[in-house]
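Trainee: I would like to go through the charged side chains here and learn what stands behind each label. Could you take my questions one by one?

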Amino acid sequence: LKVLLGYIDEVLDEYLRRFLFALGDSVRSLFFWRGQVQIGSLLLPVYSFLMFCFALTLVERPDLFPALLLLGAAWIMLANMRCRLQHPSPWHRCHSFSHYFRILVTGNSSHSFEKVHPRDGWEETAAYEEARQKRIDKDKQFNKRKETTERAIEEIENSSVEDKTRVIPVEIIVVLGKIQRLIGGFARLLRSIDALVTWEESA
């Protein structure tokens with residue numbers, strides 16, 4: 001059961017929470033035209049403008065929906081790359097799209113190594129991680145209060161039912177084992193998708 005619960009915690013706490021946070025932030029950023037791409041010293045709502053153009057094109061040409069869907073997948077990956085490139089810590093950044101495109105076309109890399117100075121971006125990274133952890137803790141507290149309330153309601157509903165301690169049947173253990181394998185495979189799939197979407201470098 002510990003392995004099964006570990007897989008469930010990984011799926012819910014790591015990937016599902018990150019997905020919901022990213023989805024909420026993306027929707028708010030797109031619809032309120034907030035700064036998304038840093039050009040010089042300015043943050044411009046480039047993604048909101050592109051989304052607006054996509055919506056206009058889709059209304060006029062609904063037959064282009066499959067092409068726009070595939071283009072949207074590439075757009076999401078490029079947006080994730082841009083987020084990593086704008087991370088305050090130099091150790092969290094990745095190579096740019098032009099770097100990979102140059103390697104694909106020429107087979108060579110002209111990337112020069114960037115010198116990282118001691119404590120470079122440390123204060124900004126610490127503030128970023130602190131805000132992120134506060135957001136996670138707030139979400140956990142909300143889920144905990146929700147779970148406590150639901151458990152109290154369930155106890156009230158089942159107050160007239162007597163609990164009897166019984167040994168777990170072998171059939172249930174077999175079913176739990178199958179569920180554990182399924183969730184474990186799903187967790188490994190999410191790890192691969194997360195590494196692909198967030199441009200994690202392969203070892």
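Trainee: Which residue forms a salt bridge with Lys-134, and how far apart are the closest N and O atoms?

Mentor: Glad to help. In this predicted model, the partner of Lys-134 is Glu-130, with the closest N and O atoms 3.6 Å apart. The cut-off is a Lys or Arg side-chain nitrogen within 4 Å of a carboxyl oxygen of Asp or Glu, so 3.6 Å qualifies as a salt bridge.

Trainee: Where do Lys-134 and Glu-130 lie?

Mentor: Both are in helix α5, four residues apart, which is about one turn of the helix.

Trainee: What makes Lys-134 count as exposed?

Mentor: Its relative accessibility is 55%, and exposed means over 50%. Lys-134 therefore earns the label. Glu-130 has 46%; that value falls between 20% and 50%, so Glu-130 is called partly exposed.

Trainee: How many salt bridges does the structure hold?

Mentor: Five. Another of them pairs Glu-129 with Arg-132.

Trainee: Why is the contact of Glu-129 with Arg-132 called a salt bridge?

Mentor: The closest N and O atoms are 3.8 Å apart. Set against the limit of 4 Å, that value passes, so the name applies. The two residues are three apart in helix α5, and so about one helical turn separates them. Glu-129, at 29% relative accessible area, is partly exposed, and Arg-132, at 37%, is partly exposed too.

Trainee: What about helix α1: which side chains meet in a salt bridge at 2.7 Å, N to O?

Mentor: Those of Arg-28 and Asp-25. Here 2.7 Å lies within 4 Å, so the pair meets the definition. Helix α1 covers residues 2-31, and because Arg-28 and Asp-25 are three residues apart in it, about one helical turn lies between them.

Trainee: Why are Arg-28 and Asp-25 called partly exposed?

Mentor: Arg-28 has 35% relative accessibility and Asp-25 has 33%. Buried needs under 20% and exposed needs over 50%, so both residues fall in between.

Trainee: Which residues gather in a patch of negative charge on the surface?

Mentor: Glu-114, Asp-120, Glu-123 and Glu-124. Asp and Glu count as negative, so the sign of the patch follows from its members.

Trainee: How do you know that Glu-123 is exposed?

Mentor: Glu-123 sits in helix α5, residues 122-157, and has 60% relative accessibility. The threshold is over 50%, so Glu-123 counts as exposed. Patch members also need over 30% and no salt bridge, and at 60% Glu-123 therefore clears the accessibility part.

Conventions
Residues numbered from 1 in each chain as written. Predicted model: local features only at pLDDT ≥ 70, side-chain atom pairs only at ≥ 80, totals over all residues. Heavy atoms only, no water. Patch = residues over 30% accessible without salt bridge, like charges linked within 9 Å, V, L, I, M, F, W, Y side chains within 5 Å. Areas by Shrake-Rupley, 256 points an atom, 1.4 Å probe, with all protein chains shown as cover. Charge placed at Lys NZ, Arg CZ, Asp CG, Glu CD. Buried < 20%, exposed > 50% of the residue type's maximum accessible area, 1.4 Å probe, protein only.
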